[in-house]
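Work through these exercises with the coordinates open. Try each task before reading its solution.

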Amino acid sequence: MTKFQLLAATALSMVAGASPTIAQTATPATAPAAVQSEGTTTADDDWGNEIIVTANRRAEPIQDVPIAVTAVNAQLLDDAGIRDIRGLEQLAPSLQTTTGQSSAVSTSLSIRGVGTAGDNPGFEPAVGVFIDGVFRSRAGIAIAELPEVERVEVLRGPQGTLFGRNTSAGALSVTTALPKFDLGGYVEGEYGNFDAYELKGALTGPVSEQLALRLDGGYRKRDGYIEDVNSDRAFNDINRWYVRGQALYDTSAFSFRLIGDYYKTDEQCCGVVSGTRGATAPAIQAIAAQQGRIGIYTGAPSDRRMAASPNRDYGEAVRDWGVSGEINADIGDLKLTSISAYRDFRVLRNQDIDYSGIDRAYRDGYRSSLRDITQEVRLQGQLFDGKLDFLVGGFYLNEKLQLRDTVRLGNDANRYVDTLLAGVLGQPASAGGIGRQAQFFGSFNVPTFTQLVTALRGGAALPTGTVPLFGQLLYAQSPQLQAAAPPGSALFTYLNTPLTPNVAGQGNNNDDFQVDTNAFALFTHNIVNITDQLSLTLGLRYNYERKELAASVNSNPSACGFFLGNDPRAVTYRNAIRTASPALFQNLFLLSCNPAVSSEFNGNYTHDRSESRLTGTAKLAYKLTPDILGYASYDRGFKSGGYNLDQASFDTTVLGGDGAQATDLEFGAETVDSYELGFKTSVTRQFSFNAAFFYQKFKGLQSLIFAGNSFVVQNVPRSTAKGVELESLIQPIRDLTFRLGYTLLDASYDADNDFSGTPLQNQQGRQFLNQPRNVVTVAATWQPRLTGTLNALFHVDMRYNSDVSIVRDGTGTTTVGNDGYPLLNGKIGIATDDRRKQLEFFVENITNQYYNISGFAIPEQTGTYGVYPAMPRLYGVRARFGF
């Protein structure tokens, strides 16, 4: 029994950039003084289409790097109102971000159609996130409020050689502002609709000629925008703060940068609105109505209203802190870089997991924590008069992941089972019923056996409000049972007594998982300058990783005793139900002793896995002219396997499986071979145009799929992502900039995959879920001069996504999706030349466009789908004062 059975397009892209000085030769990427100088400009050359990036761990102009990379500088991040990494998709067409059940652990980043989705921290990302060179091991950890940022680089395609583990789809590299050796700082305040307000600022300055300090901090709050129709609550609010301190010691030959940060949230996230209702909806509405509540809100999803149980919430509290130290030292003609980091992330969550106004099931005190210790060392330099630009290095990760799951049954758990199955059984035989309602757990009044027999024989009807037990009906119509269990016998009494019901609060008490990971790598990345025009890049990385799993499952639903015990009366009754209707038996089991909470799996489990892989890159680049670069590249990427931390992944014997084994939680690694052709042009300082054509072949692609009860990881044998990326920067005059982007994406599971009996049934040959085939981005900024020192600011950015399927059923039919839509943001304001003083009015989602961020089939509610709604129009005023 498998787990599944258990249950237009010619625009261009954005190359950001205000105006860094053009570098003539590659320099080490991580020397703080050098990086800081890259952002400075001269009076005669303070505009154009150049920006310095460190995609090769070397500081180089973006137009000289044979890598598909989108760079966004500090000014554009500010103009576009980007507060965290999720907002980058508005400017980078090949990047897609979503947030599901939790902003802390369910944030998904994908590049070129491949990424991570779901609600299980055991599943690691395919898009690596690096903040000031420090690897953030989960995407959700990286959605904290960003301090002042120098630039963000979106590296498209596998980055396994230099950026390490779990970058099989790409990487995001965030570089924050350094401490400065001149006294400065800023204070910024904002107020908007939904009673949103924010206050943040920074202070930086010198302690001595070699030592500078910086302190950033901020607080942000906003009311929720999803209303609960059963109370005065609103979900998806914001309530978070952060503080970040830095120290920079810098001499001409040595620098040390120390960073410490602390981030905390206390919010209600994430609410779910009803997309479509299935056959189970009437039962939920009936149970809720009996308690004076709404079971499911049936208005349009764009109303952003949902029904929740008044005694449950979506509380989510995050604490994330860390410290890192970066050393850059000149050793003769060589450069040594060392980055050491310690990160500690914890989240405490509650969740109403039936997503309705009845109290069917919930999470209370779900805990997840992640502790990472990382160390990276790089040595780089040039040999043979610059003919060879070499880099060698090593990386180490020690990670401890802990999870406590607490799926529990609510006050309406038994009533839901009885109400739902009574409705099904009451249907005529042609509709799958028996023509008479029946119950199992005694949620309704139970008639005597005599009353039932009288009614069956055409006598007096059953008393109002009574519903017979299914065991009574079986006995009344089975001569075999009657012969085996005469009135007064133990079996007769058992069949005329409700099954032992679940008690509110039973379920996971608790399920504890721990995964310890040790990973190390040795790598080299070398650029051979064959001629002044022709270069060859060769890179190789050896990756080793070991994971050790320890799990303790402790679940206690009382109803599981009927299915798992050896009481001969229960065995007889189980067999009788299964004989009468195998489908009824399976549904009764899944509803009352779901594998997500079943005591069948109680016990301790251990397992370990290790793997070693080689990844690498080969790139050939040729300067056709000083302004035109062409390149061809091959990259091999790797994403390690792991464990799905959910007891629902175990295989139950009740439905014919072989029982719980630690290997049930395991999934394998994924690899990718990526081929790319590209060219970059900068014919004039006013215009650049880049194009990339890519073909990526995945083996063992890790797909986290919702399988009715939980998310499961399925390794897909063969998948392909291919497409075209175009990007351009047009700056006809200093004050006017256009950034245009387009991505054509064809990403799908190969047609020759066999998905029979899996959650991906009939998905082969189809575009990946929630990945648009066409994306267009446009950003325009105009800063006309008003006075000698004052400029106006007009900014607008737009992202158009073509239609997508978000959820498909087992037939391959789209059940949740989006038609094509544009998302438009804008800003108007005034600012001084140096932008130290600004006053602006901003609008996000100007047209109040509705779309579904993501969606899923709601557990135990066949045909009912929930969706996470997009934010409504947000607007406000922002003021900034700097010095």
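**Exercise 1.** How many residues lie between strand 13 and strand 14 in their hairpin?

Solution. The model is a predicted one. Start with the direction of the strands: strand 13 and strand 14 (residues 211-222) run antiparallel. Next, count the bridges that join them: 10. Then check the register at one position: Leu203 has Leu215 in strand 14 as its bridge partner. Finally, look at the connection: the hairpin has 4 residues between the strands.

**Exercise 2.** Describe how strand 12 pairs with strand 13, and find the residue with a positive phi in their hairpin.

Solution. Locate the strands: strand 12 covers residues 184-192 and strand 13 covers residues 196-206. Their pairing is antiparallel, over 9 bridges. For the register, take Gly184: Thr204 in strand 13 stands opposite. Now move to the turn. There are 3 residues between these strands. In this hairpin Phe194 takes a positive phi, near 55 degrees.

**Exercise 3.** Is Tyr197 buried, partly exposed or exposed? Place Tyr197 in a strand and in a surface patch.

Solution. Place the residue: Tyr197 is in strand 13. Read its relative accessible area: 35%. Partly exposed covers the range between under 20% (buried) and over 50% (exposed), so Tyr197 is partly exposed. Now turn to the surface. Tyr197 belongs to a nonpolar patch whose members include Tyr191, Trp782, Phe794 and Phe841. Together the patch residues have about 1,000 Å² of accessible area. Last, list the elements that give two or more residues to the patch: strand 40 (821-832), strand 41 (837-844) and strand 44 (874-882).

Note on methods:
Residues numbered from 1 in each chain as written. Predicted model: local features only at pLDDT ≥ 70, side-chain atom pairs only at ≥ 80, totals over all residues. Heavy atoms only, no water. Pairing = 2+ DSSP bridges. Patch = residues over 30% accessible without salt bridge, like charges linked within 9 Å, V, L, I, M, F, W, Y side chains within 5 Å. Areas by Shrake-Rupley, 256 points an atom, 1.4 Å probe, with all protein chains shown as cover. Salt bridge = Lys/Arg side-chain N within 4 Å of Asp/Glu carboxyl O. Buried < 20%, exposed > 50% of the residue type's maximum accessible area, 1.4 Å probe, protein only.
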